[in-house]
Every structure is written in structure tokens, then in C-alpha cells.
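Here is a short set of questions on one protein model. Look at the sequence and the coordinates, then work through them in order.

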Amino acid sequence: MPQWLKNAVFYEIYPQSFYDSNGDGIGDIQGIIQKLDYVKALGCNAIWLNPVYDSPFMDAGYDVRNYKKVAPRYGTNDDLIELFSVAHSKGIKILLDLVPGHTSDTCQWFIDSKKHKKNEYSNRYIWTDSVWEAPPKYRLMCGISERDGNYLVNYFSSQPALNYGFANVTHPAWQLPTDHPDCQKTVEAIKDIMRFWLDKGCDGFRVDMADSLVKNDDDKRPTAKIWRGIREMLDKDYPEAALVSEWCNPERAINDGGFHCDFYLDHRGNGYSTMFRYTNYETGKDESYYCKDGNGDITVFTEEYTRSLEKTKGNGYISFITGNHDVPRMTKTLDNRAIRLAYATILTMPGVPFVYYGDEIGMRYIENLPSKEGGFSRTGSRTPMQWNSGKNLGFSTADSDKLYLPVDSSEDAPTVENQTGKEGSIFETVKAVIKLRRENEDLGNDGGFEVVYAEKGEYPFIYKRGSFVIAVNPKGEQTEAVFEFSGEKAFEIGDTEIKDGKITLGAQSMVILKV
Ligand code: NOJ
């Protein structure tokens with residue numbers, strides 16, 4: 001386990017939209033270098049960078065053309081190496097995004113794989129053995145090459161699935177078992193890419209669709225086995241490198257796969273979604289527990305989370321996120337006060353937390369944008385970071401029609417400048433809670449977690465982390481509960497009172513008590 005993960009608080013940077021240092025309208029690596037002090041002042045000491053590799057950008061860079069080359073629009077390999085070293089000098093770690101499940105259809109491996117003549121890359125992807133062989137169970141692209149066969153898609157059509165084999169081979173004419181030498185070569189190719197960047201100074205990887213490697217893999221154990229092998233390589237040669245999975249199955253990812261962290265993602269109906277992001281599709285109403293009139297059920301979260309925590313104890317971390325580049329920003333459905341409560345909760349949970357760029361200032365989800373680079377509904381969460389009241393809100397000096405995406409045009413768009421020092425802002429809340437977390441081990445990544453009060457359909461929600469008790473009432477009305485703790489308020493939102501064995505929490509309020 002990399003020691004630095006014990007105190008890590010991550011900041012996710014979507015490079016296109018963070019800071020444009022050369023005025024061409026798109027964010028770049030030099031721009032990130034210039035903003036490292038900002039990340040540090042926020043209290044974060046690690047960054048997850050979305051893909052920065054050469055790509056035709058049909059899926060914003062998750063369609064990699066060349067894993068070993070930085071996309072020119074972001075800079076050069078030397079810029080990225082400079083980012084590693086300047087970040088390290090400031091005590092900040094950098095995780096790159098590893099995309100092991102698929103490449104772009106413009107990747108040289110795939111260009112070779114499409115050829116009629118057998119070659120080293122023929123089995124790097126999954127092809128049926130004839131263009132007429134297209135079982136409907138599989139997402140196949142048909143009739144696109146001189147090779148007689150159809151390729152399996154991993155995400156968008158332009159993202160052919162790399163071949164790690166099949167757990168359950170049902171069509172032996174074209175499905176390989178996972179121990180086939182060509183499938184093993186795919187694993188070696190991914191390890192080679194990891195070594196390439198680790199040798200240049202990166203601190204590990206966030207792994208895209210980590211569960212997607214082996215096909216016909218219902219219980220995902222064969223996929224986990226591949227990751228376990230990769231973890232062995234890290235333990236041996238790069239013991240301080242971290243692996244974070246986009247999987248959302250901590251038992252499989254952490255215990256079996258050897259991931260150091262697994263994201264708690266917004267999967268409809270799970271604990272995270274019912275807390276913060278649960279819209280009733282029939283009524284259109286937000287029924288999240290954190291919505292002030294949501295009336296959500298907190299026990300979905302407490303039951304799921306405590307079980308996962310118990311099962312993975314000592315092996316790795318469950319990572320809470322404020323958001324990410326794939327989901328609407330919480331501002332779409334929750335008001336400012338609810339978001340402060342939500343982020344203060346997220347940042348007082350165990351595990352390694354991640355703050356998505358711009359969430360800390362309450363950036364809005366921008367509705368109705370045309371899809372950019374395969375973003376579709378995700379595009380509204382990917383708009384440029386809002387720094388100040390200057391041109392393009394400080395993101396870029398380019399003319400506004402040249403920007404990667406438009407900046408928020410509302411009069412009251414939040415910026416780092418106008419949120420700094422503003423009492424009751426999301427920004428000041430995030431900074432204060434991260435500070436408290438980093439100063440108190442009990443509130444940190446390894447600290448304990450006990451549910452004190454969580455009842456179906458009831459408010460407040462109370463939990464204990466070592467010498468801290470946290471009580472939160474997201475409801476739009478006052479609520480109270482039996483409370484046997486006393487101590488000093490370390491942080492508060494709204495009005496809370498502890499008296500006579502009882503806690504009273506005003507509408508949308510929270511207290512972190514040092515007992
Ligand atoms: C998950 C990534 O977060 C998302 O942005 C991407 O489109 C898919 N994986 C495909 O790589």
C-alpha cells in the first residue's frame with residue numbers, strides 16, 4: 001500500500017477545461033502546472049488527470065491512439081514529465097488515466113488488426129471469424145475492414161475491445177481463453193504502458209472500466225485475476241504507485257483485484273445515488289436524502305457502505321466523489337446549502353476522497369449544450385473552470401467562439417475569485433472540511449466509521465469517526481434526536497444545539513463535534 005494514500009485528498013482535472021496557458025481556447029498541461037498552487041491551497045495533495053494521450057477525441061480522449069504520446073493540444077511528453085516533477089516539489093502526486101479495455105479505432109494496433117494477412121495484432125482485439133458471424137448477444141461492428149470478421153465494441157463504436165479472452169468460451173472458433181498467449185500479450189502491453197509512465201515519474205493510475213477486460217465474465221473473478229497480476233508488478237517494482245479502479249465493487253476490485261481504491265460511483269439505487277443523486281423518473285422529483293424535500297432513505301447507504309467497509313478493511317479504500325466528468329454536477333438538482341452538506345459529508349467519510357474540478361466553487365451543470373467529443377449529456381459537466389471575472393472567466397485569452405466549450409454565461413457564475421472568503425459558500429465549506437480532515441487523523445482516510453443514528457425515512461443522520469461525531473440534517477425543517485455526546489463544535493452549517501441528552505438540528509444543518 002503506497003504510504004501517501006493514507007493522507008491523500010484528490011482533485012480530478014479534466015485537462016481540456018482547466019486552464020489554457022497559450023490562448024488557443026483549450027486547457028493544457030502548462031496551464032495545470034500554473035494552477036498547482038491553487039490545488040494545494042484547496043487542501044488537495046493528489047491529482048487524477050483524465051486522459052492526455054494522442055487521440056482523435058471521439059470520446060474526449062478515452063479513445064487512445066497512442067498511449068505513449070501526449071496529445072499535441074495538451075503539450076508534449078516533456079510537459080507531462082515537468083508536471084510530475086513540479087507537482088512533486090509541491091507535495092502533490094499525479095495519477096494518469098489508464099484505458100485498458102479499448103483503444104481508438106485509429107490506434108496502430110487496430111489498423112494492423114484489421115488486415116487480412118495474419119500479424120502480431122490480429123488477436124489484439126476480438127473479431128468473429130466471418131463477417132456473417134454476428135451473434136446478437138455481442139455489440140459488434142460489421143463490415144468495416146478487409147479482414148473477414150466483425151469486431152467487438154467496448155464502449156462507442158470507435159472503441160474496439162482489447163482482447164483479454166473469454167471466461168466462458170461459447171464460440172471456440174473466435175473466442176480465446178484468458179490464458180491464450182495472445183491474450184497474455186495484451187496484458188503485457190498494458191503493463192508496458194504503465195511502466196513507461198511510471199518510469200517517467202507518474203504516481204499511478206485511475207483505471208477506466210477496470211471490470212471490462214475479460215468477456216463472458218459474469219462474476220468478474222477472471223478480470224480481477226489480471227489486476228492482481230498487475231498489482232504484483234507494482235508491489236515489486238513500484239511499491240509507491242497507486243491503482244484506483246472505476247469498478248464500484250470494492251470486494252472484487254480491492255480484495256480480489258488488488259486495487260488500492262475503488263470509486264463509489266453513481267449507480268442508480270446504490271447508497272451513493274440515493275444519498276445525493278436520486279431522481280424519481282416517473283415524477284421527475286429529486287428523492288435524494290440530501291435534497292431538502294427529498295425524504296430519501298439513508299439506510300440504503302448505511303447498510304451497503306458498512307458492509308463494504310467491513311469486507312475490505314485493511315485492504316484498500318472506498319473512494320467518495322463530489323462528482324466526475326460522467327455525471328451531472330450536483331448543482332443540477334441540489335441547492336447550495338444541500339451541496340455544502342453533501343460535500344461536508346463526503347469529505348468526512350473514510351477512504352480516499354475525490355473533488356471534481358469546479359465542484360468546489362459550485363460550478364453549474366450547463367444544460368442543452370451540443371455534445372462535444374462524445375460527451376452528450378456529460379458535456380454540461382465539462383465546461384471551463386471559472387477562475388475570475390476576466391475574459392472567459394479567466395480560463396483562456398482566446399476569443400469566446402474559439403473555446404473548447406463555452407463558459408457559464410450567467411451573471412452570477414461562481415468563480416474562485418468571487419467565492420473566496422465568501423461566508424457560507426461551497427468553496428469555503430470545502431476548504432474548511434478538507435483542512436479539518438487533514439489535521440485530524442480520526443477524520444482521515446484510515447479513521448473508523450460507526451453509524452450512530454440512521455433510520456429508514458428519518459432525519460437526521462449521525463455517524464462517529466473516532467473522537468468526532470457528525471450529525472447532519474439535510475431536511476428543510478428542524479429535526480431532533482437523542483444524543484449522548486458532548487464536546488466542542490469543530491465545524492457547523494446552520495443552527496445546531498446539543499442539550500439535555502438531545503440534539504436539535506435546524507433546517508439543512510450539520511455539526512462536526514469533537515467529543
Ligand atoms: C468511463 C469514462 O469515465 C468515460 O468518460 C468514458 O467515456 C468511458 N469510460 C469509456 O472509456
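Q: In which order do the strands of the open sheet of three strands stand?
A: The model is predicted. Its open sheet has three strands, and their pairing is antiparallel. The order is S16-S19-S18.

Q: Why is one side of S16 and one side of S18 left without a neighbour in the sheet?
A: Strand S16 covers 479-482 and strand S18 covers 496-499. One side of each lacks a neighbour because both stand at the edges, each with a single partner strand.

Q: By how much are neighbouring strands of this sheet turned against each other on average?
A: The angle ignores strand direction. It is an average over neighbouring strands of the sheet. The value is 15°.

Q: Over how many bridges do S16 and S19 pair?
A: Strand S19 spans residues 502-505 and runs antiparallel to S16. Alanine 481 stands opposite isoleucine 503 in S19. Glutamate 480 has threonine 504 of S19 as its bridge partner. The pairing of S16 and S19 extends over four bridges.

Q: Which side chains of S16 point to the buried face?
A: Side chains alternate along S16. Buried here means under 20% relative accessible area. Glu480 and Val482 point to one face and are not buried. The buried ones, on the other face, are Thr479 and Ala481.

Q: How many charged residues does the shell around the ligand have?
A: The residues around the ligand include Tyr62, Tyr155 and Met209, along with Arg206, Glu246, Asp326, Arg378 and Arg382. By class, three residues of the shell are nonpolar and two are polar. The charged residues number seven.

Q: Which side chain has a polar atom 2.7 Å from a nitrogen atom of the ligand?
A: Aspartate 59 places a polar side-chain atom 2.7 Å from a ligand atom, but that atom is an oxygen. Histidine 102 also faces a ligand oxygen, with a polar side-chain atom at 3.0 Å. The nitrogen contact at 2.7 Å belongs to aspartate 208.

Q: What share of the ligand's accessible area does the protein cover?
A: On its own, the ligand has 290 Å² of accessible area. Of this area, the protein covers 98%.

Q: Which backbone nitrogen does the side chain of asparagine 280 reach at 2.8 Å?
A: Asparagine 280 sits in the loop between helix H8 (271-276) and helix H9 (299-312). A polar atom of its side chain lies 3.2 Å from the backbone nitrogen of threonine 283. At 2.8 Å, the side chain of asparagine 280 reaches the backbone nitrogen of glutamate 282.

Methods: Residues are numbered from 1 along each chain as its sequence is written. This is a predicted model: local features need pLDDT of at least 70, side-chain atom pairs count only at pLDDT 80 or more; totals for chains, interfaces and linings use all residues. Side-chain values use heavy atoms; hydrogens and water are left out. A residue is near a molecule or strand if one of its heavy atoms lies within 4 Å of it. A polar contact is a pair of N or O atoms within 3.5 Å; within protein, one must be able to donate a hydrogen and the other to accept it, and residues adjacent in sequence count only if both atoms are side-chain atoms. Accessible areas come from the Shrake-Rupley method with a 1.4 Å probe; for residues, only the protein chains shown count as cover. Ala, Val, Leu, Ile, Met, Phe, Trp, Tyr, Cys and Pro count as nonpolar, Asp, Glu, Lys and Arg as charged, and the others, Gly among them, as polar. Two strands pair if DSSP finds at least two bridges between them. Helices (H or I, at least four residues) and strands (E, at least two) are DSSP runs, numbered from the N terminus. Axes are lines fitted to C-alpha atoms, for helices over the stretch in contact, and angles run from 0 to 180 degrees between N-to-C directions. Buried means under 20% relative accessible area, exposed over 50%, partly exposed in between (1.4 Å probe, protein chains only).
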